[in-house]
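Please find below my notes on this entry, set out as numbered points. They take up helix packing, two residues inside the chain, and some backbone details.

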Amino acid sequence: MEDRKAAGPSRAARRGRWWRLRQRWRMVGVFEINPEHEFYQLTSMIKEGMHSSIQTTMDTSGQDTLAAEQFAAEETQTHEGFQMQTFAASVFAQQRRSLDITEEEYMNSLCSDQCYLQFVSNSKSKADFFVTNDKRFFLKTQSKREVSFLLSNLQAYMAHLEKYPHSLMVKFLGVHRIVIPNQIKKYFIVMQSVFYPDDRINIRYDIKGCEVGRWSNPDTGGKQIIKVLKDNNFEGQTIAFGQEKSWFAHQVKVDAAFLQELNVMDYSLLLAQQPLHRDELDGKHSLANLVIRTTKSLDLEDSPTGSDPPTVPLLKETLGEEGSVQPQAAAGEGIPLQEIGCPEKETKSDSELQEFHEHHRRLLPNCKNSNHVIDGPEQRYFVGIIDIFTVYGWKKRLENMWKSLRYPGRAFSTVSPAKYSRRFCQWIQDHSQ
C-alpha cells in the first residue's frame with residue numbers, strides 16, 4: 001500500500017513534466033500577444049472586427065454561383081475607435097465552405113478569448129505575422145499593391161481552385177483593412193496555415209529552386225525561434241512521396257503554369273515533415289480510413305469541371321476478397337464507392353469516377369488541412385505554395401540585369417516567370433522520389 005502511495009505522486013509529477021514540456025514545445029517560434037504586448041490593442045480590434053464580419057456571412061445564405069460584383073464587393077463596419085473593411089466577403093465565404101471550414105469554427109478560431117500568437121522566424125519579410133491560438137489560421141499584413149493584385153486576380157484564382165481543388169497553392173480565406181484614425185491603416189489577409197497541425201513537425205524548408213542566398217544557418221543560438229531552412233540546406237536529400245510523386249510533380253507544374261500566366265515569380269514551396277507513427281502507417285490501409293479518405297476527396301454535390309487527363313491513378317487501393325486493402329491492379333482503375341461501403345446516396349457512376357480522375361484529385365489524409373498534407377511511405381509532408389504576389393515588372397527586370405552581372409552563371413530568384421516556373425518544377429522533379 002505504501003509503495004503504491006509513493007508511486008502515485010511520481011506518476012502525477014511525470015504527467016506534469018510532460019504537460020509542461022508539450023506547452024513549451026507548442027510555444028517554440030511564437031509569442032503570446034498578451035495585454036503587455038505591443039500588438040495587443042491591434043489584435044483585439046481585429047478580433048472584434050472579424051467577429052462582426054463573419055457574423056454577416058453567417059447570416060447570409062450561401063450561393064453556388066458568384067456574380068462578378070461579388071468579387072469587387074467592399075463592406076465597411078464602424079466600431080468604437082476603428083473601422084473594419086472586408087473585401088469580397090461572399091467569395092471567401094464560399095472558399096471556406098469548399099475547404100469544409102464552417103463559419104462557426106472559423107469564428108471560434110479567429111475571435112476566441114485566447115490571445116493571438118506572434119510568429120517569429122528567420123524570414124526577411126517586413127510583414128507582421130499573427131497566428132490564431134490554435135495555430136490553424138495565419139493573419140499577415142500586406143501592402144496595398146499586394147492586396148490590389150490579389151483582388152484583381154481573385155476570379156482567376158478561384159477558377160483555378162475550382163478546377164484543381166487539391167491545388168498546392170495557399171488558401172486565402174479573407175481580405176480586410178483595419179483603420180484606426182490617426183494611427184494605423186493596415187491591410188491583412190487570412191489564410192490557412194500550411195503547417196497545421198504542427199505538433200510533431202521536426203523540420204521546415206522554404207524552397208525556390210535556386211542557389212543564391214538560399215542557405216540558412218540552422219543554429220538558433222538558444223533562441224525560441226523556428227528556423228526555416230532553404231534550398232542549399234536541402235542538398236543531398238529527397239522527398240519520399242512514394243505513389244504520390246507523379247501526382248505531386250504534376251500539380252506543382254499546373255500551379256506554376258497558372259502563376260506564370262499571372263506574370264508572377266519568386267514564390268516558394270513551403271515544406272515540412274514529420275515521421276508517421278506506427279498506428280498512422282497501419283491506419284492508412286484500414287477499410288474505415290479508406291472510406292473516409294475517398295468520400296472526403298469527392299464532392300458529392302457538384303460534379304468536377306476539369307478536363308485535364310490524369311497522370312497517375314488517384315485511387316490506388318482496392319479491396320481484396322477478405323476486405324483487406326491491396327494495391328490497385330491497373331493504372332486508371334477507380335474504386336466504385338459502393339464497393340467500400342458508402343451509403344447509396346453517395347455512390348458515383350463510372351462517368352463520375354472518370355471525372356474524379358480528370359479533376360486531378362487524390363486520396364486525402366483523414367485530418368484537418370488535408371489539402372496541404374501528403375503522406376509518403378514513412379513521412380507526412382506539409383506542402384504549400386506561398387508568396388504569390390511578386391509581379392515581374394520593370395523593377396524586377398532591372399534587378400535581373402544587375403544580378404546577372406553580379407552572379408554570372410549562378411541561379412538566383414529574380415528571373416522571368418517562364419524561367420522561374422521551369423526551374424521550380426525541375427527542382428521538384430529532381431528532389432522527389
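1. In this predicted model, helix α2 meets helix α5 through Lys47, Met50, His51, Ile54, Gln55, Thr57 and Met58 on the α2 side and through Glu103, Glu104, Tyr106, Met107 and Leu110 on the α5 side. Sorted by character, the residues of this contact are six nonpolar, three polar and three charged. The helices themselves span residues 40–58 (α2) and 103–110 (α5), and their axes come within 10 Å while crossing at roughly 175°. Angles over 145 degrees count as roughly antiparallel, and α2 and α5 are therefore roughly antiparallel to each other.

2. A second packing involves helix α4 (residues 89–98) and helix α7 (residues 154–163), whose axes lie 12 Å apart at an angle of about 15°. That angle makes α4 roughly parallel to α7, and the crossing of the two is left-handed. On the α4 side the contact is formed by Val91, Phe92, Gln94 and Gln95, and on the α7 side by Leu154, Tyr157, Met158 and Leu161. Six of these contact residues are nonpolar and two are polar, with no charged residue in the contact of α4 with α7.

3. Helix α7 also packs with helix α8 (residues 245–261), here at an angle of about 165° and with the axes 12 Å apart. The two are therefore roughly antiparallel to each other, and α7 passes α8 in a right-handed crossing. Ala156, Tyr157 and His160 of α7 meet Val254, Asp255 and Phe258 of α8, a set that divides into four nonpolar, one polar and one charged. A reader following the side chains may wish to look at Tyr157, which takes part in the contact of α7 with α4 and also in that of α7 with α8.

4. Is Leu139 buried or exposed? This residue of strand β6 (residues 137–142) is buried, with a relative accessible area of 1%. Its contacts, leaving aside neighbours within four places in sequence, are with Ile46, Leu110, Tyr116, Asp128, Phe129, Phe130, Thr132, Phe188, Ile189 and Val190. One of these partners, Ile189, stands 50 residues away along the chain, yet the C-alpha atoms of Leu139 and Ile189 are separated by 5.6 Å. Another partner, Leu110, has been met already in point 1, where it belongs to the α5 side of the contact with α2.

5. Ile374 offers a second case to examine, in strand β14 (residues 373–375). With a relative accessible area of 0%, Ile374 is buried. Apart from neighbours within four places in sequence, Ile374 is in contact with Phe241, Glu244, Trp247, Phe248, Arg362, Gln379, Arg380, Tyr381 and Val383. The C-alpha atoms of Ile374 and Leu364, which are 10 residues apart along the chain, are separated by 7.5 Å.

6. Some backbone details deserve a check against the coordinates. Most residues other than glycine have a negative phi, and most peptide bonds are trans. In this model, however, a cis peptide bond joins Tyr196 and Pro197, with omega about -5°, and Pro197 sits in the loop between β8 (184–192) and β9 (203–207).

7. Where are the residues with positive phi, Asn263 and Asp266, to be found? Asn263 is placed in the loop between α8 and β11 (268–275), and Asp266 is likewise in the loop between α8 and β11. Asn263, although not a glycine, has a phi of about 65°, while the phi of Asp266 is near 70°. As to accessibility, Asn263 is partly exposed, with a relative accessible area of 28%, whereas Asp266 is buried at 17%, given that buried means under 20%.

8. Finally, some totals set these local points in the context of the chain. The secondary structure comes to 13 helices and 15 strands, and buried residues make up 51% of the 433 residues. Among contacts between residues at least 6 apart in sequence, 72% join residues at least 24 apart. The accessible surface of the chain comes to about 21800 Å², with 49% of that surface belonging to carbon and sulfur atoms.

Methods:
Residues are numbered from 1 along each chain as its sequence is written. This is a predicted model: local features need pLDDT of at least 70, side-chain atom pairs count only at pLDDT 80 or more; totals for chains, interfaces and linings use all residues. Side-chain values use heavy atoms; hydrogens and water are left out. Axes are lines fitted to C-alpha atoms, for helices over the stretch in contact, and angles run from 0 to 180 degrees between N-to-C directions. Helices (H or I, at least four residues) and strands (E, at least two) are DSSP runs, numbered from the N terminus. Angles under 35 degrees count as roughly parallel, over 145 as roughly antiparallel, 65 to 115 as roughly perpendicular and the rest as oblique. A crossing is left-handed if the near helix is turned anticlockwise from the far one by less than a right angle, and right-handed if clockwise. Contact means heavy atoms within 4.5 Å. Ala, Val, Leu, Ile, Met, Phe, Trp, Tyr, Cys and Pro count as nonpolar, Asp, Glu, Lys and Arg as charged, and the others, Gly among them, as polar. Buried means under 20% relative accessible area, exposed over 50%, partly exposed in between (1.4 Å probe, protein chains only). Accessible areas come from the Shrake-Rupley method with a 1.4 Å probe; for residues, only the protein chains shown count as cover.
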